[in-house]
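User: Hello! I am new to this structure and would like to understand the labels people put on its residues. Could you walk me through the reasoning?

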Amino acid sequence: MSEPETDLIEAIRNGLPPGVEFDGREETLLSLAARQARDVERAEADLEERGYLVAGSQGQRVVNPSLSEARQGRVVLGRLLGQLDLPESTREAVRSARHAAETRWERAS
């Protein structure tokens, strides 16, 4: 399985029309988005491994903190991607990549 950040970057780059390139700011945003996608994937993997409820400090059952991390990470990822100046054709590639990530998340839940 390939890394989620690689899939995300490839989907965005492959969706760019010929001759369109990112500037330095957009490259930085894309790099940050890739790292955020990796962090979200790790939080989702923790949820899959340990489940929705985990043992708290006193042994009580509490909501896995990775749930909040994954949710917040997806919001940040969306904001980062929203700052990219993408042509409409590329936006569809991003939507497809995001849909694939959401599908993986739903299967894990």
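User: Where is Val-63 found?

Analyst: Val-63 sits in strand E2, which covers residues 61–63. Please keep in mind that this is a predicted model.

User: Why is Val-63 called partly exposed?

Analyst: Its relative accessibility is 40%. Partly exposed is the range between under 20%, called buried, and over 50%, called exposed, so Val-63 at 40% counts as partly exposed. Val-63 also joins Tyr-52 and Leu-53 in a nonpolar surface patch of about 270 Å².

User: What makes Arg-79 exposed?

Analyst: Arg-79, in helix H3 (residues 65–82), has a relative accessibility of 59%. Exposed means over 50%, therefore Arg-79 counts as exposed. In space, Arg-79 is 9.0 Å from Ala-33, C-alpha to C-alpha, with their places 46 residues apart in sequence.

User: How do you know that Asp-46 is buried?

Analyst: Asp-46 belongs to helix H2 and has 19% relative accessibility. Buried means under 20%, so Asp-46 counts as buried. Leaving aside residues up to four places away in sequence, Asp-46 touches Gly-51, Asn-64 and Ser-66.

User: What makes Arg-50 and Asp-46 a salt bridge?

Analyst: Their side chains meet at 2.8 Å, N to O. The cut-off is 4 Å between a side-chain nitrogen of Lys or Arg and a carboxyl oxygen of Asp or Glu, so this pair at 2.8 Å is a salt bridge. Arg-50 and Asp-46 are about one helical turn apart because they are four residues apart in helix H2. Arg-50 has 42% relative accessibility, so Arg-50 counts as partly exposed.

User: Why does the pair Arg-38 and Asp-39 form a salt bridge?

Analyst: The closest N and O atoms of Arg-38 and Asp-39 are 3.8 Å apart. The limit is within 4 Å, so the pair qualifies. Arg-38, at 23%, is partly exposed, and Asp-39, at 36%, is partly exposed.

User: Which parts of the chain does the salt bridge of Arg-74 with Glu-44 link?

Analyst: In this salt bridge the closest N and O atoms are 3.1 Å apart. The pair links distant parts of the chain, with Arg-74 in helix H3 and Glu-44 in helix H2, 30 residues apart. Glu-44 has a relative accessible area of 9%, so Glu-44 is buried, whereas Arg-74 at 28% is partly exposed.

User: How many salt bridges are there by this rule?

Analyst: The count comes to four.

Notes: Residues are numbered from 1 along each chain as its sequence is written. This is a predicted model: local features need pLDDT of at least 70, side-chain atom pairs count only at pLDDT 80 or more; totals for chains, interfaces and linings use all residues. Side-chain values use heavy atoms; hydrogens and water are left out. Patches are made of residues with over 30% relative accessible area and no salt bridge: like charges are joined within 9 Å, nonpolar side chains (Val, Leu, Ile, Met, Phe, Trp, Tyr) within 5 Å. Accessible areas come from the Shrake-Rupley method with a 1.4 Å probe; for residues, only the protein chains shown count as cover. Helices (H or I, at least four residues) and strands (E, at least two) are DSSP runs, numbered from the N terminus. Buried means under 20% relative accessible area, exposed over 50%, partly exposed in between (1.4 Å probe, protein chains only). Contact means heavy atoms within 4.5 Å.
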